[in-house]
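Biologist: Can you pull up the model so we can go over how it packs inside?
Modeller: Sure, here it comes.

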Amino acid sequence: MLPFAVHNATKTFRLKQKGPLPNRVPTIPIPIPRRPLLGPIDHRCFLGEASSRRWAHSAKWRPVQVLDEWVAKEARPISLRQLMVFGRSLTEARLISSANYLRTELPTRIAHRIRDMQRLPYVVVTNPHISDVYELYYNAFDTFRRVKEVKTLEDNDRLCAEISKMLRAHLTVIPKLAMGILECSGLMPADELDRFMNTILRSRISRRVIAEQHLALTETFNSDWFSPGAKLSESEFIGEVFLKCVAKDVIERCAAAVQDLARSAYGPAARVPEIRIDGHLEATFPYILSHLEYIVGELLRNSVQAVIENNQQQQQKQSLKKGTNADADADATTPPPVEVTLCEAPKHVIIRISDRGGGIPRDTLPYLWSFGKGPKKHQSLENLTQVPLMAATLQEVRVGDGNFSGLQDGRTGSGHDSSLRSLSTRPPNLRLGMGLPLSRVYAEYWAGSLELHSLEGYGVDAFLQISKLGNKNEQLATRAAMDAV
């Protein structure tokens, strides 16, 4: 499945003569330097240590030169403003130009991440989950690098069909990566694993953004109502970009979804905290709606769960003091609200989410942003086995038969399979241990930030900062992050 070669080996050439010579020519070891594909090889794999032989591995040879040619290329980052300006006056020529950008940009970005995986220690890269991701990436790279120049709308339709196929196939990437990182947590420094995971996920977001943007533009162009060259209204989407994202509306929709999740997880009798919104309620900005919904949804979900559980614990303590049959005061059983404050500045918008859920435990706080370490990593690994597909959207966390389609109110349904769709079923009370670190990856992708401040015993304040102007380029590791020598 992975290229299997040890490139630091020394080849020995024996020079032999047929006739007798007064002085025999000795064996001459000649070192042949080559670029390592898998980085420093963990020789315990060859010595048979149990910790290094836990995973079987079948080799598949692939040419190195082809990948080297694409790794030598630079990715070309874009901004939300570029996406908006380019798609505002959509024509056939622009659509074909977008297709050709995609057919060269996708294999370039994938090639850098393949090289990152090749630089992992051998014992890590042969983990079955990471090995599966590697295979998916290389197949996608090999497919897109062979796509010829797009010249017609028919060529574009064929490219879009291949992109949709790849997007569906890669829905397994996040859970597989997360399980692989958790299983390899003792085989590589945790900081390096987290850095690798952040780079891979940020690159994955970047590829899905440009791929889904092109699919959405193609869908718009092929729509009966669309007139080529006509400018779109600013109240609409341009591709996947929501031109005027009203923070208050998004928070209200996410709040309703999170409260429904809480009632499903804790039972209809559970007291769910109110979610109050104040501040600059008219704040707007351009953004990818699914990104914002995921971040806000995860933050609100954490706050609501913390408040409910902390309130239940307080009720139990009061019941023990008063007796099991004692009536609790109404105020004691009503959980404190989760407060959301919006702050609009000239260049950015800040969303603060405050709760009184008791804060983050001291033993968990150091691992808050880690994918591969922490006191609950074994439980996270077990839970991830129940999530075979993951698009990292709020909509995929379902309650019963619902799919939270209301989160996309006001938008016509997409004809392609995008990350905005509800593509997997995840129990509402299933905790994967990656919501916060993945939310920060989403926030930082468009040059924003996500910070948490915990007061143990009281509550948590989360601060999400978003660029308001849309003029910040996507934050990419444009070179192979672990190949900078």
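**Helix packing and cavities**

Modeller: Let's start with α6 and α8: on the α6 side H129, I130, D132, V133, L136 and Y137 make the contact, and they meet V173, K176, L177, M179, G180, I181 and E183 in α8. Keep in mind this is a predicted model.

Biologist: What's the mix of classes in the contact of α6 with α8?
Modeller: Eight nonpolar, two polar and three charged residues.

Biologist: At what angle do α6 and α8 pack, and how far apart are the axes?
Modeller: The angle is about 140°, and the axes are 7 Å apart. The cut-off for roughly antiparallel is over 145 degrees, so α6 and α8 count as oblique to each other.

Biologist: And which hand is the crossing where α6 passes α8, left or right?
Modeller: α6 passes α8 in a left-handed crossing.

Biologist: OK, next pair. How do α8 and α9 sit relative to each other, parallel or antiparallel?
Modeller: Their axes cross at roughly 175° and come within 11 Å, so α8 and α9 are roughly antiparallel.

Biologist: Which residues in α8 and α9 meet?
Modeller: α8 brings V173, I174, L177, A178 and I181, while α9 brings L193, F196, M197, I200, L201 and R204. By class that contact has ten nonpolar residues, no polar ones and one charged.

Biologist: Switching topic: how many cavities of 30 Å³ or more does a search of the whole structure find?
Modeller: Six. The largest cavity holds about 170 Å³ of space.

Biologist: What lines the largest one?
Modeller: L106, I110, A140, F144, I163, M166, L167, H170, R204, R207, R208 and A211. R204 is also in the contact of α9 with α8. By class the lining has eight nonpolar, one polar and three charged residues.

Biologist: Which elements give two or more residues to that lining?
Modeller: α4 (92-118), α6 (128-144), α7 (153-169) and α9 (190-222). The largest share, four residues, comes from α9.

Biologist: Back to helices. What about α2 and α4, how do their axes run?
Modeller: The axes of α2 (residues 64-71) and α4 come within 8 Å and cross at roughly 115°. The crossing of α2 past α4 is left-handed.

Biologist: And which residues make that contact?
Modeller: V64, L67, D68, W70 and V71 of α2, against T104, P107, T108, A111, H112, I114, R115 and Q118 of α4. They divide into seven nonpolar, four polar and two charged.

Definitions and conventions: Residues are numbered from 1 along each chain as its sequence is written. This is a predicted model: local features need pLDDT of at least 70, side-chain atom pairs count only at pLDDT 80 or more; totals for chains, interfaces and linings use all residues. Side-chain values use heavy atoms; hydrogens and water are left out. On a 1 Å grid over the protein atoms alone, a cavity is a set of points where a 1.4 Å probe fits but cannot get out, and a pocket is an open set with protein on both sides within 12 Å along at least five of seven lines; lining residues have an atom within 4 Å of a point. Grid points are joined across faces, edges and corners, and a volume is the space filled by probe spheres set on the points. Ala, Val, Leu, Ile, Met, Phe, Trp, Tyr, Cys and Pro count as nonpolar, Asp, Glu, Lys and Arg as charged, and the others, Gly among them, as polar. Axes are lines fitted to C-alpha atoms, for helices over the stretch in contact, and angles run from 0 to 180 degrees between N-to-C directions. Angles under 35 degrees count as roughly parallel, over 145 as roughly antiparallel, 65 to 115 as roughly perpendicular and the rest as oblique. Contact means heavy atoms within 4.5 Å. A crossing is left-handed if the near helix is turned anticlockwise from the far one by less than a right angle, and right-handed if clockwise.
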